[in-house]
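Here is a brief report on side-chain contacts and surface features. Look at the sequence and the model first.

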Amino acid sequence: MNSVKLTCVVIDDSKTQRTAVAKLIKNHINLRFIADYKNAVDAQKHMGENNVDLVFLDIEMPLINGFQFIDSLKNRPQIILISAKEQYAMQAFDYDVTDYLLKPIGQNRFNTAIKKALQNNIEVEENEDDYIFVNSKLKKVKLLLGDIKWVEGLGDYIKVITEEKNVLILSTMKSFAEKLPEDRFLRVHKSYIINLDKVEKFNGSQVEVCGHSIPLSRHKKLALEDALLNSQAH
């Protein structure tokens, strides 16, 4: 694991905190410090210029808070949230962050968080396209992408229907869709995402997936046709 170097940025409106976290990063053998930002807007502008593996992110900031910043990310790196308050811990869990550190950050607690980040990085590198991890009932659950039949929106939750089980997750459809590869899954309705490999037939208003009829929005029919053609081409 010593050969791994995670590139890092720090986003915090406190210069003192940015300096303290940057020092911890620079002193860690498996981390490489790239930049720090005093707010999330500046980070949004410049992060795309670098390949970022890990973001140390404050929650309470002007302009855009930490959670809003996470929502804005299309290709999300690992996130370690940092805060002086414990009250955001449950919300942080919903965002599936790597860890949640309370200020001031001690060396041992910092090292524990980095171990998690390094382990996550290895899991992603081993087989990036074959599975994802989700939080369900206070546990990390591994979902094989090939086993997912469809995803159904249920208010504040989503239900993932797989070959063997149904998994209930506290998430929006939008954020969960971003975890799935676009060439294998398609959102065909405001409340449904389907696995393109599992489609058996469809018409103007329904898609049949593994013998189950799922509603198809009118404006998604062409997108479904294109996606199925592309998936067959691959």
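## L170 and the nonpolar patch

L170 counts as partly exposed, because its relative accessibility is 33% and partly exposed covers the range between under 20% (buried) and over 50% (exposed). This value comes from a predicted model. L170 belongs to strand β10 (residues 166–170).

L170 also helps make a nonpolar surface patch. The other contributors are L154, Y157 and L168. The patch covers about 320 Å².

## D99 and its polar contact

D99 sits in strand β5 (residues 99–102). Its relative accessibility is 7%, so D99 counts as buried; the cut-off for buried is under 20%. The side chain of D99 makes a polar contact with the side chain of K116, at 3.3 Å.

## Aromatic pairs

Searching the whole structure turns up four aromatic pairs. One of them joins F56 and F110. This pair is stacked, with 5.6 Å from centre to centre and 20° between the planes. F56 is in strand β3 (residues 54–58), while F110 is in helix α5 (residues 107–126), so the pair ties together parts 54 residues apart in sequence. F56 and F110 are both buried.

Aromatic residues also group elsewhere. F67, Y88 and Y95 form one aromatic cluster.

## A charge over a ring

Y131 has a charged partner, K142. The charged end of K142 sits over the Y131 ring, 4.2 Å from the ring centre.

Definitions and conventions: Residues are numbered from 1 along each chain as its sequence is written. This is a predicted model: local features need pLDDT of at least 70, side-chain atom pairs count only at pLDDT 80 or more; totals for chains, interfaces and linings use all residues. Side-chain values use heavy atoms; hydrogens and water are left out. Rings of Phe, Tyr and Trp (its six-membered ring) pair if their centres lie within 6.5 Å; planes under 30 degrees apart count as stacked, over 60 as edge-to-face and the rest as tilted. Helices (H or I, at least four residues) and strands (E, at least two) are DSSP runs, numbered from the N terminus. Buried means under 20% relative accessible area, exposed over 50%, partly exposed in between (1.4 Å probe, protein chains only). A charge sits over a ring if NZ of Lys or CZ of Arg is within 6 Å of the ring centre and within 35 degrees of the ring normal. Patches are made of residues with over 30% relative accessible area and no salt bridge: like charges are joined within 9 Å, nonpolar side chains (Val, Leu, Ile, Met, Phe, Trp, Tyr) within 5 Å. Accessible areas come from the Shrake-Rupley method with a 1.4 Å probe; for residues, only the protein chains shown count as cover. A salt bridge is a side-chain nitrogen of Lys or Arg within 4 Å of a carboxyl oxygen of Asp or Glu. A polar contact is a pair of N or O atoms within 3.5 Å; within protein, one must be able to donate a hydrogen and the other to accept it, and residues adjacent in sequence count only if both atoms are side-chain atoms.
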